[in-house]
Amino acid sequence: MKGWNGKILRINLSTGETKVEAFDEEFAKKFIGGRGFAAKILWDELKPGIDPLGPENKLVIAAGPLTGLTLPSSSKLVVAAKSPLTGGYGDGNLGTHFGIELRRSGYDAVIVEGKAEKPVYILIKDDNVEIKSAEDLWGNGYFDTHASLEKEYGRKAGIIGIGQGGEKLVKFATVRSEEGRSGGRPGIGAVMGSKNLKALVALGSNDFPTADPDALKQHAKEGYNQIKSATAYDHWMRQGTTMVLAWCNETSTLPVKNYYMGTWDKSKGIDGDMLEKLMIARYGCPRCNMQCGLTIKEIKDEESELDYENIGMLGSNILISDLKVVGTLNRMADDYGLDTISLGSVLGFAAEASEKGYIDEKIEWGNKDQFIELINKIVKREGLGDLLAEGTKKAAEKIGHDSIKFAMQVKGLEVSAYNCHATPGMALSFGTSPIGAHHKDAWVISWEVQNDRMSYGPEKATKVIEFQRIRGGMFESLTTCRLPWIELGFDLEWYPKYLKDVTGLDFTLDDLWEVGDRIYAIIRAFWVREFKDQWNRKWDYPPRRWFEDPLPDGPLKGAHLDYDKYDQLLSEYYKQRGWDERGIPKKETFEKLGLTDVAEELSKYVSLE
Ligand code: PTT
Ligand code: SF4
């Protein structure tokens, strides 16, 4: 087998035992890597109902066959587990040297199980795997943690780890790497913390086995050149993802005041032009020639790396109009290892609950000092901070009144920075995302705004599925960055070509879409098995605010989603996916995807159509 190492490293932190397990070409072809491997492993190995923060949960860190090779933007890595935030399947994706060094060490994935008695980190050097004390790292932020490990193992070492957020089991703690890389929004950092696992370090010495190195070299060169000559390349290099902010403001899709509004007259203070003015350096993932990690100096003169989501959620969503202040909140999130999207959402939720008199604490919109204090309290788990550390859904359940209406989440995961009062297709994308409300799988909003945006027609469901196949299926399993394609128009046909050069196998794009459908069916099965009788189609609904609170101003004043029409669109989505009216894949759909075993297991918990 070429392209894959064919090996998974399993480490049990309770017993200290490590094992290497082989997988064959059939498994590799069926699930490719990354999310595909993670979903299959978690489905097979986790008993339903386990505590996500208990030793029975497993952390899966999975690369794909393209990870780490010298080809465009190829250093992504999937981190996954049962989510402590949602109780369902959770994963995230970060660009890191760790994926490269893991593959160089001879593995495609790592499974970490059990719980260490004391804080540890894992060192992987080819066949040598050690569990080492992390007692002197525990309690440190991620920047110091990374620097200490890098000092010890050198700049070549691949490192991923957590800050105090993961240690304190904040339910939206992420896994961190390098200067500004962050992944695993649904609390994968907290899963690491629950295992007393501060970090993993990998240093490999092997070459990647590829089927046709010469063709790969040539195609990679052509790919890098095509990216560099894209029309939007210069603008991208100046603003990265932050260029989206001005567009969101123009199209009433910006989250403003906890998604109450969609435009803001102060957005210029935090947009891509402002970032360009303040930018001091650029970072990014390895193997990428369109690096988008742009940094500014925040109010305390520290460097802070800003993406669109970070600015939308820690800026307009909580009415902060000074980019340097956004930089400060973002830097705190990066060091503590908290997801900026959920963090901005819980802060907005708290400000709104305070304004409505639902909580005693005074949290004012735009008040930076109060937000800074609140972030510290979230990580220390003090007072209101302790409640917010559980995420908006749990916080709303505790606070009561009508606060669930403005808890901006789906299945417990907070919505990314796109306001969907007037974009039903994007609302469907959030509703049906396999990890809760993340935009990563189907960012259809740009297409939708240009194509009859208020329509609930079947084309919206088709587009969501098309994007879920490409983004949630192909990119998450290969595992490479999707931004060359979505931002600079890099041709999708490159990916089967790269796969052929690397593995020697012929995949068409249709084959890869089928892998995506398989992954979606397994992840849906995971959710349904966990929640059994509670599961129903309402779980695929976006937050109530978008239906019930029309936009109060801006060019789309009065716009809101419609319950009946959304429900019909959801039925259309299920139909096109081969899922039943409860949103559960039909028996024949599982069978068509080669998942008869999954159907059999699931039918022990719910009846299948
Ligand atoms: C991703 C989510 C995003 S999506 C952003 S900004 W984005 C936020 N970034 C955070 C951050 O930074 N610090 C922090 N403490 N929390 C953060 N939470 C948010 O996390 C990221 C890029 C970006 S920037 C995007 S869109 C693309 N995402 C990809 C993806 O998901 N898959 C893929 N195959 N390629 C992708 N390419 C792009 O990667 P999650 P990264 Mg991220 C500071 O992880 O959990 O998926 O959430 O990985 O290496 O940082 O690159 O406008
Ligand atoms: Fe990483 Fe940005 Fe490059 Fe994608 S485009 S690989 S997120 S630096």
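# A tour of helices, sheets and one buried loop residue

Helix 7 and helix 21 run roughly antiparallel to each other, because angles over 145 degrees count as such. This is a predicted model.

**Stop 1: a helix pair**

Select residues 213-228 for helix 7 and residues 494-503 for helix 21. Two packed helices are described by the angle between their axes and the distance between the axes. Here the angle is about 155 degrees, and the axes are 9 Å apart. Looking at how one passes the other, the crossing of helix 7 and helix 21 is left-handed.

Now show the side chains where they meet. Helix 7 contributes Ala215, Leu216, His219, Ala220, Glu222, Gly223 and Gln226, while helix 21 contributes Trp494, Lys497, Tyr498, Asp501 and Val502. Of the residues in this contact, six are nonpolar, three polar and three charged. An α-helix has 3.6 residues a turn, so residues three or four places apart point the same way.

**Stop 2: the six-stranded sheet**

Move to the open sheet whose six strands come in the order 2-1-6-3-4-5, with mixed pairing. Which strands stand at the edges? They are strand 2 (18-22) and strand 5 (89-95); each has a single partner strand, so one side of each is left without a neighbour in the sheet. From one strand to the next, the twist averages 20 degrees.

Select strand 1, residues 7-12, together with strand 2: the two run antiparallel and are joined by five bridges. One pair to label is isoleucine 8, whose bridge partner in strand 2 is glutamate 21. Strand 1 and strand 2 form a hairpin with five residues between them. In the turn, click on glycine 16, which has a positive phi of about 80 degrees.

Next select strand 3 (residues 59-62) and strand 4 (residues 76-82), which pair in the antiparallel sense over three bridges. Here isoleucine 61 has valine 79 of strand 4 as its bridge partner. In a regular strand the side chains alternate between the two faces of the sheet.

**Stop 3: the three-stranded sheet**

Another open sheet has three strands in the order 13-14-15, paired antiparallel. Strand 13 (281-283) and strand 15 (303-306) are at its edges, each with a single partner strand, so each has one side without a neighbour in the sheet. Ignoring direction, neighbouring strands are turned by 35 degrees against each other on average.

Strand 13 is joined to strand 14 (residues 293-297) by three bridges. For one of the pairings, label tyrosine 283 and its bridge partner in strand 14, glycine 293. Then add helix 12, residues 323-336, which lies across strand 14 and strand 15 and runs at about 95 degrees to strand 15.

**Stop 4: helix 17 and tyrosine 456**

Is helix 17 (residues 424-432) largely enclosed or left open? Nine of its nine residues are buried, so helix 17 is largely enclosed by the rest of the structure. Show what its buried residues pack against: strand 16 (409-410), helix 18 (445-450), helix 19 (458-478), helix 22 (509-531), helix 23 (545-548) and helix 24 (563-577).

Finish in the loop between helix 18 and helix 19, where tyrosine 456 is found. Its relative accessible area is 15%, so tyrosine 456 is buried, the cut-off being under 20%. Leaving out residues up to four places away in sequence, tyrosine 456 touches Pro424, His560, Leu561, Asp562, Lys565, Tyr566 and Leu569. Of these, Pro424 is one of the buried residues of helix 17. Leucine 428 is 28 residues from tyrosine 456 along the chain, and their C-alpha atoms are separated by 9.8 Å.

Terms used. Residues numbered from 1 in each chain as written. Chains lettered and ligands numbered in written order. Predicted model: local features only at pLDDT ≥ 70, side-chain atom pairs only at ≥ 80, totals over all residues. Heavy atoms only, no water. Axes fitted to C-alpha atoms, helices over the stretch in contact; angles between N-to-C directions. Helix = DSSP H or I, 4+ residues; strand = E, 2+ residues; numbered from the N terminus. Parallel < 35°, antiparallel > 145°, perpendicular 65-115°, else oblique. Left-handed = near helix turned anticlockwise from the far one by under 90°. Contact = heavy atoms within 4.5 Å. Nonpolar A, V, L, I, M, F, W, Y, C, P; charged D, E, K, R; others polar. Pairing = 2+ DSSP bridges. Buried < 20%, exposed > 50% of the residue type's maximum accessible area, 1.4 Å probe, protein only.
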